[in-house]
Amino acid sequence: MNKSPDAHRMEKIVSLCKRRGFIFQSSEIYGGLNGCWDYGPLGVELKRNLKNYWWRVMVHERDDVVGMDGSILMNRAVWKASGHEDTFTDPMVDCRSCKARLRADQLVEKNGIKQCPNCGGKDLTTPRAFNLMFKTFVGATEDESSLTYLRPETAQAIFVQFKNILEVSRKKLPFGIAQIGKAFRNEINPRNFTFRSREFEQMELEYFCRAEEGMQWLDYWKEERLKFYENIGIARDNLHALTVPDEERAFYSKGTYDIEYDFPFGRQELEGVAYRTDYDLSQHQKASGKSLEYFDEETKQRFIPHVVEPSAGVDRTVLALICEAYSEDEAPDEKGKMETRIVLRFHPRIAPIKCAVFPLLKNKEPLVAKAKEIVALLRPHMYVFYDEVGAIGRRYRRQDEIGTPFGVTVDFETLGEKDPALRDTVTLRDRDSMKQERVPVKDLPGILVSRIS
């Protein structure tokens, strides 16, 4: 069953994101800009780790996928051919009572009458089409001849470069082209923190295949993508693969799965896996007059490939990772008194900071020097944070709250002052279990790398 929304939990997560430097409102000192967000020092690391792992899994660990990075601005003809200029719309309604602007599917219905979800008003305008693409102009004049759009998706860049990439990569079907990049949609009503934004990033793969293999690859990619989310720390119980009904699919799709996640505000889509047939390449071949056919050297056939598209939202996935990781438990303070501990239980491969290094005392120069030496030892392998301020327990709590999986404490045993046998060993602490073990400094990089990857 769909879990009930938990507004209080979501409020805590949003507060934590700002307090600890994950996500800030864009242009905040000027009142912000609705639907736009800035990622702070920790947020940008989390986001980068996610994108790097997606690229590793989707491109570097496969022989059948190559990458590209298309431009945000494209010839207007691309968006005419793809159908975006004419059909990329949402039905929009205005509430005359509270002046709210809403998507028609956001209206609530009571006793058969549609009402505004904000004020309950029934005085609503007739739904009208609202194109979601941001317009802009290229060049010195602002007229129809220089009009184009900020891309609403990254996929079209892949389709229009299909032939070039096919020729230079010398790939044979089936093969894919992957891309991570910004997209822009003028959402009528951005909501749920970073979930629905006007500026966002996508991680998309267009996987080209023969028509008779399309449904097989659709199911294959659905399973691969579910495995991906589990491998970055999202519990399978919180993931759901919804088969999109025929009447809700795009007209050119033969099959679509929505991979959904149980956010605190309800179950929502993380990623779509769609079998788009040969629609996109056919449209661009027809509009451009340039061949986008694939030539099979074995059968001597020429044909337009079909394509399966797993398309994931970077920002939505980052939000899911934070929601999944957020936890509260009890832990003892310096005096042994139990207190509430906020923990982000990120998978180590996704965590913004992998390891924090602490000298037991900041006014003991040999401890500080040794701790900084360990930081230098680890930095070529991972992102490390050094902290010498406050009691050691408080330092652990700060790192727990931002999701750092491992903590290294340099103490007097490290210096060999109490037990020469423990010289050049440190205390390695695990965030989740809070268990500590004694390990040699020279073994630290290997131990941590093995636990992070």
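## A guided tour of the chain

Start with the whole chain on screen: its secondary structure comes to twelve helices and 25 strands. Here helices (H or I, at least four residues) and strands (E, at least two) are DSSP runs, numbered from the N terminus. Residues are numbered from 1 along each chain as its sequence is written, and side-chain values use heavy atoms, with hydrogens and water left out. You are looking at a predicted model, where local features need pLDDT of at least 70, side-chain atom pairs count only at pLDDT 80 or more, and totals for chains, interfaces and linings use all residues.

Before zooming in, take in the overall view. Along the principal axes, the C-alpha atoms fill a box of roughly 80 × 65 × 50 Å. Of the 453 residues, 52% count as buried (under 20% relative accessible area; exposed is over 50% and partly exposed in between, with a 1.4 Å probe and protein chains only). Among contacts (heavy atoms within 4.5 Å) between residues at least 6 apart in sequence, 65% join residues at least 24 apart.

**Stop 1: helix 1 and helix 9.** Select residues 7–19 for helix 1 and residues 314–325 for helix 9. Their axes lie 11 Å apart, and the helices pack at an angle of about 110 degrees. Axes are lines fitted to C-alpha atoms, for helices over the stretch in contact, and angles run from 0 to 180 degrees between N-to-C directions. Helix 1 and helix 9 are therefore roughly perpendicular to each other (65 to 115 degrees; under 35 is roughly parallel, over 145 roughly antiparallel and the rest oblique). Now show side chains: Arg9, Met10, Ile13 and Cys17 in helix 1 meet Leu319, Ile322 and Cys323 in helix 9. This contact divides into six nonpolar residues, no polar and one charged. Ala, Val, Leu, Ile, Met, Phe, Trp, Tyr, Cys and Pro count as nonpolar, Asp, Glu, Lys and Arg as charged, and the others, Gly among them, as polar.

**Stop 2: Val314.** Stay on helix 9 and click Val314. Is Val314 buried or exposed? Val314 is buried, with a relative accessible area of 0%. Leaving out residues up to four places away in sequence, Val314 touches several others, including Lys47, Leu50, Ile180 and Met203.

**Stop 3: Phe346.** Next, find the loop between strand 20 (338–344) and strand 21 (355–359), where Phe346 lies. Phe346 counts as buried, at 2% relative accessibility. Which residues is Phe346 in contact with, leaving aside its neighbours within four places in sequence? Among them are Phe22, Leu46, Ile322 of helix 9, and Gly403. Try a distance between C-alpha atoms here: Phe346 and Gly403 are 57 residues apart along the chain, yet separated by 5.7 Å.

**Stop 4: His306.** Move to strand 18 (residues 306–313), the place of His306. His306 is buried, with a relative accessible area of 11%. Show its side chain together with that of Tyr275: a polar contact of 2.6 Å joins the two. A polar contact is a pair of N or O atoms within 3.5 Å; within protein, one must be able to donate a hydrogen and the other to accept it, and residues adjacent in sequence count only if both atoms are side-chain atoms.

**Stop 5: helix 10 and helix 12.** Finish with residues 365–378 (helix 10) and residues 444–452 (helix 12), whose axes come within 10 Å and cross at roughly 55 degrees. That makes helix 10 oblique to helix 12. Look for Ile374, Leu377 and Leu378 in helix 10, which meet Leu444, Pro445 and Leu448 in helix 12. By class, this contact has six nonpolar, no polar and no charged residues.
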